[in-house]
Amino acid sequence: MTAQVSELFNNIWNNYLEVTPSAKRIHEILGSGDDVINDHVAYRTFNLKKVGIEKLAQHLIALGYTECGEYHFEAKKLYAKHYEHADKTMPKVFISELLVEKVSPATQAIIHKIVESIDESLISQQNFLYSGKTWDISFADYQTLLAESEYAAWLCAWGYRANHFTVSINHLAQYETIDAVNSTVKAGGFLLNTTGGEVKGDQQVKLEQSSTLADKALVQFTDQAVEIPSCFYEFAKRYPLENGELYSGFVAASADKIFESTNAA
Ligand code: OOG
Ligand code: NI
């Protein structure tokens, strides 16, 4: 089972690198050997029956993952769950969904048209989590979405692929603190998401996180190709609970800021 999980995440990683070349370079800068372990991978979707969180999660549950926590983001109109594997070296997975009924009729219409056009059989196929955008969208529709929900625009432009991978600072051989990681990343010429400060969370909430600003990559819209924010790379340091085990959940107030890593700079 673990071999299958590793193979799935290898495929997801390669698909992510296609539009996130900075992640490969940062991975090389931070790591020394095989100490770059993924804390988690994140996905975005819509709360529609055809593609809701459970449709993505079925691929993970089949490989031994279980549902562990849920999160609400009222202002962004999002709901999320996270999944963990019994083998703690396997990445956690954070899956959020846009509450489609809460956005404007014009935005809903674009989303429904896209979701209806997805080939139903693709969703249960083994490559769904790295299938990308399998529908058409015009640049005008992308901009309509962007004006109301950056999340909806990102998802309709990029489709089903990892939104980010996350380096576990706890496993890095040469780094102890998130500030040291951030300094190295910045010295390498990469920009960090500064919304809410470079570091989100603290030892009190048992989780510190930072992230790059998303790379830019070319998306083929129906009428033109445009460079827009693609995916980003995150860094997380976890602290132990009373029982000595590392906290394994997420922190909604921090996640709320991490979402903004795909905003246009
Ligand atoms: C997910 C943001 C939340 C975290 O680690 O708190 C998150 C996203 O941007 O899709 O990944
Ligand atoms: Ni994350």
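This passage walks through a predicted model, from its central sheet to the surroundings of its ligand, a pair of helices and a few single residues.

The sheet is a good place to begin. Seven strands would be hard to follow without an order, and here the order is β2-β3-β4-β1-β5-β9-β6, in an open sheet of 7 strands with mixed pairing. The edges are taken by β2 (65-73) and β6 (207-211), each of which has a single partner strand, so one side of each has no neighbour in the sheet. From one strand to the next, the twist averages 20°.

Following the sheet strand by strand shows what mixed pairing looks like. Strand β3 (residues 78-85) runs antiparallel to β4, and 6 bridges join the two. Within this pair, Ala80 of β3 stands opposite Ser96 in β4. On the next step, β4 and β1 run parallel and are joined by 7 bridges. Here Val41 has Val93 in β4 as its bridge partner. The sense then changes again, since β1 and strand β5 (residues 164-168) pair in the antiparallel sense over 3 bridges. Two facing pairs can be picked out between these strands: Ala42 stands opposite His164 in β5, and Val41 stands opposite Phe165 in β5. Val41 therefore makes a handy landmark for the reader, with Val93 in β4 as one bridge partner and Phe165 in β5 standing opposite. Moving on from β5, 5 bridges join this strand to strand β9 (residues 232-238), and the two run parallel. Ser168 stands opposite Ala236 in β9.

How covered are these strands? In β1, 9 of its 9 residues are buried, which leaves the strand mostly covered. Strand β5 is largely enclosed by the rest of the structure, because 5 of its 5 residues are buried. The side chains of β5 are also easy to sort: His164, Thr166 and Ser168 point one way, Phe165 and Val167 point the other way, and all are buried.

The sheet also leads to the ligand. Around ligand 1 lie Ala42, Arg44, Phe94, Ser96, Asn163, Gln209, Glu234, Phe250, Ser254, Ala255, Ile258 and Phe259. Three elements give two or more residues to this shell, namely β1 (38-46), β4 (92-98) and α9 (252-258). Helix α9 gives the most, with 3 residues. By character, the shell divides into 6 nonpolar, 4 polar and 2 charged residues. Two of its members have already been met in the sheet: Ala42, which stands opposite His164 in β5, and Ser96 in β4, which Ala80 faces.

Another member of the shell, Phe259, lies in the segment after α9. Phe259 has 22 C-beta neighbours inside 10 Å and therefore counts as buried. Leaving aside residues up to four places away in sequence, Phe259 touches Lys76 and Tyr151. Phe259 and Asn47 are 212 residues apart in sequence, and their C-alpha atoms are 17 Å apart in space.

Next comes a pair of helices. Two packed helices are described by the angle between their axes and the distance between the axes. For helix α6 (residues 139-148) and helix α7 (residues 150-158), the axes come within 6 Å and cross at roughly 150°. The two helices are therefore roughly antiparallel to each other. In their contact, Tyr142, Leu145 and Leu146 in α6 meet Glu150, Ala152, Ala153, Cys156 and Ala157 in α7. These residues divide into 7 nonpolar, no polar and 1 charged.

Finally, three lysines in loops deserve a look. Most residues other than glycine have a negative phi. Lys77, however, has a positive phi of about 60° although it is not a glycine. Lys77 is found in the loop between β2 and β3 and counts as partly exposed, with 19 C-beta neighbours inside 10 Å. A positive phi also appears at Lys206, with a value near 70°. Lys206 sits in the loop between α8 (178-187) and β6, and 17 C-beta neighbours inside 10 Å make this residue partly exposed. Lys49, in the loop between β1 and α3 (53-61), is exposed, with 9 other C-beta atoms within 10 Å. The C-alpha atoms of Lys49 and Lys133 are separated by 18 Å, and the two residues are 84 residues apart along the chain.

Key. Residues are numbered from 1 along each chain as its sequence is written. Chains are lettered from A and ligands numbered from 1 in the order in which they are written. This is a predicted model: local features need pLDDT of at least 70, side-chain atom pairs count only at pLDDT 80 or more; totals for chains, interfaces and linings use all residues. A residue is near a molecule or strand if its C-beta atom, placed from the backbone, lies within 6 Å of it. Helices (H or I, at least four residues) and strands (E, at least two) are DSSP runs, numbered from the N terminus. Ala, Val, Leu, Ile, Met, Phe, Trp, Tyr, Cys and Pro count as nonpolar, Asp, Glu, Lys and Arg as charged, and the others, Gly among them, as polar. A residue is buried if 20 or more other C-beta atoms lie within 10 Å of its own, exposed if 12 or fewer, and partly exposed in between; C-beta atoms are placed from the backbone. Two strands pair if DSSP finds at least two bridges between them. Axes are lines fitted to C-alpha atoms, for helices over the stretch in contact, and angles run from 0 to 180 degrees between N-to-C directions. Angles under 35 degrees count as roughly parallel, over 145 as roughly antiparallel, 65 to 115 as roughly perpendicular and the rest as oblique. Two residues are in contact if their C-beta atoms, placed from the backbone, lie within 7 Å.
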